[in-house]
Amino acid sequence: HIADAALDGARGNSGVILAQFFQGLSDGAAGIEKMTPESLSKAIQFGAEYAREALAEPKEGTILTVLTDFSNRLTELIKNKTHDFEHLLEEGIEEAEKSLENTPNLLAVLKKAGVVDAGAQGFVDLLHGIFNFIKNGDLKGFKADIATHQIIVDMKKDDIIFENSEFQFCTECLINGENIEHKKIREALQVNGDSLVIAGSKKKTKVHIHVNKPADIFKICSDFGKVTGEKADDMWQQQEDAQGHKSKEVAIVTDSGADLPDDIDLDIHTVPVRYNFGDIGYVDKLSQTPEEFYKELSTNPEHPKTSQPTPGDFRRQYQFLQSHYDSIISIHLPHKLSGTYQSALNASQRIENAKINIVDGLSASVGLGLIVMKAAHLAKDGKSYEEISAVLPEIISQSNVYLVMKDLCYIVKGGRLPKWVKKVADFLH
């Protein structure tokens with residue numbers, strides 16, 4: 001359960017690595033009814049190995065290094081006949097802290113900034129929390145606390161509800177705040193759509209509704225607290241796919257980093273990238289139109305920061321498409337520019353009996369859009385999964401993107417270019 005929840009909620013590489021660690025921990029503990037220090041050490045070793053295998057290009061000086069060093073220290077202690085949980089974890093955490101302090105020596109960007117890796121710091125904090133619970137925790141109180149804070153939203157009836165719905169998007173988000181009033185949220189939202197579900201507590205509330213304008217819902221919800229976990233699935237497209245009853249061979253998937261015309265008659269499924277202006281989160285092209293984005297870019301003092309779709313976003317899409325297509329080709333932003341490709345890859349590896357090809361599009365914006373459109377045209381013409389996969393490398397290699405920049409200030413704000421370069425460029429016009 002922890003592995004699945006961590007995967008669905010992962011943001012950035014550290015989140016994905018941690019989710020994979022928990023998956024390995026779970027698999028490494030399979031069949032064990034009562035954990036011993038030896039079996040715990042072995043399960044953690046599985047977790048560290050899973051985490052490393054999750055990345056196409058593992059980097060030292062990150063959470064990955066701390067995970068490995070922590071695991072190796074536990075293995076060493078077990079070999080030296082350490083059979084006490086408290087002593088085992090205490091020694092292991094000491095090693096993790098040393099590894100954390102050493103991360104700047106392994107990653108130049110950390111050393112330059114004078115900081116340790118944030119994901120690694122988070123993992124060490126998590127270990128301290130676990131150790132503190134083992135020493136001082138109350139399991140009965142812990143169980144009672146979980147029961148009072150669970151948020152359960154039953155969405156099983158969705159297939160029936162959205163059939164022939166007048167509303168296009170199945171929209172969800174999470175509101176975090178103080179004294180959230182469900183009645184007021186209901187009053188504010190119910191005129192916008194149907195199938196409204198509001199669940200949770202006064203501090204954390206889950207909202208589910210079917211609407212045509214997800215951006216309006218996220219904006220209304222932001223009046224009640226901080227909005228996170230925004231999601232908007234296109235039910236009309238899902239319904240169209242469902243009515244095909246697995247008559248189509250290849251589904252084409254991309255992310256919203258691909259710019260596509262609104263009026264194309266092609267079967268393309270898009271998983272949106274996420275971004276933030278300060279503390280306010282957006283789902284690309286759903287929370288804001290491109291015009292609204294550029295307006296905010298010029299007026300908001302906070303520069304936007306992107307966040308790739310979570311593996312959970314991709315997994316939901318792949319699982320749905322798997323029911324209606326024989327295979328999936330998923331084409332994405334370059335892995336050197338974004339973690340989107342890695343998120344898609346991690347999600348695909350968790351889908352059983354799936355035929356999914358995750359492709360690095362090596363392009364962005366209109367360039368990526370053209371590549372995706374070409375793949376969709378081939379699928380529409382009846383080309384097979386193997387045929388499309390075979391010609392994609394050539395299509396990608398023949399696609400080039402040219403950028404002309406009127407102003408370098410946004411590249412400087414985004415950290416892609418030093419300020420002095422802009423000064424020289426401005427001086428030379």
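1. A handy definition to start with: two strands pair if DSSP finds at least two bridges between them. In this predicted model, strand β1 and strand β4 (residues 226-234) clear that cut-off with 7 bridges, and they run in the antiparallel sense. Within this pairing, I175 stands opposite V227 in β4.

2. β1, which covers residues 169-176 and includes I175, has another partner to look at. With strand β3 (residues 204-211), β1 pairs over 8 bridges, again in the antiparallel sense. If you would like a residue to orient yourself here, take C173, which stands opposite V207 in β3.

3. How enclosed is β1 by the rest of the structure? Of its 8 residues, 6 are buried, so β1 is largely enclosed by the rest of the structure. The cut-off behind that statement is a relative accessible area under 20%.

4. I175 is a nice residue to click on. Is I175 buried or exposed? I175 has a relative accessible area of 0%, so it counts as buried. Setting aside neighbours within four places in sequence, the residues in contact with I175 include I180 and I185, then K203, K204, T205 and V207, and also C221, F224, G225 and K226. Two of these names link back to the strands above: V207 lies in β3, and K226 is where β4 begins.

5. For a distance check in your viewer, try I175 and P290. These two residues are 115 apart along the chain, and their C-alpha atoms are separated by 25 Å.

6. Now for the chain as a whole. The protein chain has 19 helices and 11 strands. Its radius of gyration is 24 Å, close to the 22 Å that the globule rule gives for 429 residues, so the chain is as compact as a globular protein of that length. Along the principal axes, the C-alpha trace spans about 65 × 60 × 45 Å.

7. What share of the 429 residues counts as buried? The figure is 44%. As for contacts, take those between residues at least 6 apart in sequence: 69% of them join residues at least 24 apart.

8. Last, the surface and the charges. The protein chain exposes about 24100 Å², and carbon and sulfur atoms supply 52% of that area. Among its side chains, 47 are positive and 63 are negative, while the centres of the two sets lie 4 Å apart.

How values were computed:
Residues are numbered from 1 along each chain as its sequence is written. This is a predicted model: local features need pLDDT of at least 70, side-chain atom pairs count only at pLDDT 80 or more; totals for chains, interfaces and linings use all residues. Side-chain values use heavy atoms; hydrogens and water are left out. Helices (H or I, at least four residues) and strands (E, at least two) are DSSP runs, numbered from the N terminus. The radius of gyration is taken over C-alpha atoms; the globule rule is 2.2 Å times the number of residues to the power 0.38. Buried means under 20% relative accessible area, exposed over 50%, partly exposed in between (1.4 Å probe, protein chains only). Contact means heavy atoms within 4.5 Å. Accessible areas come from the Shrake-Rupley method with a 1.4 Å probe; for residues, only the protein chains shown count as cover. Lys and Arg count as positive and Asp and Glu as negative; His and the chain ends are not counted. The place of a charge is taken as NZ of Lys, CZ of Arg, CG of Asp or CD of Glu.
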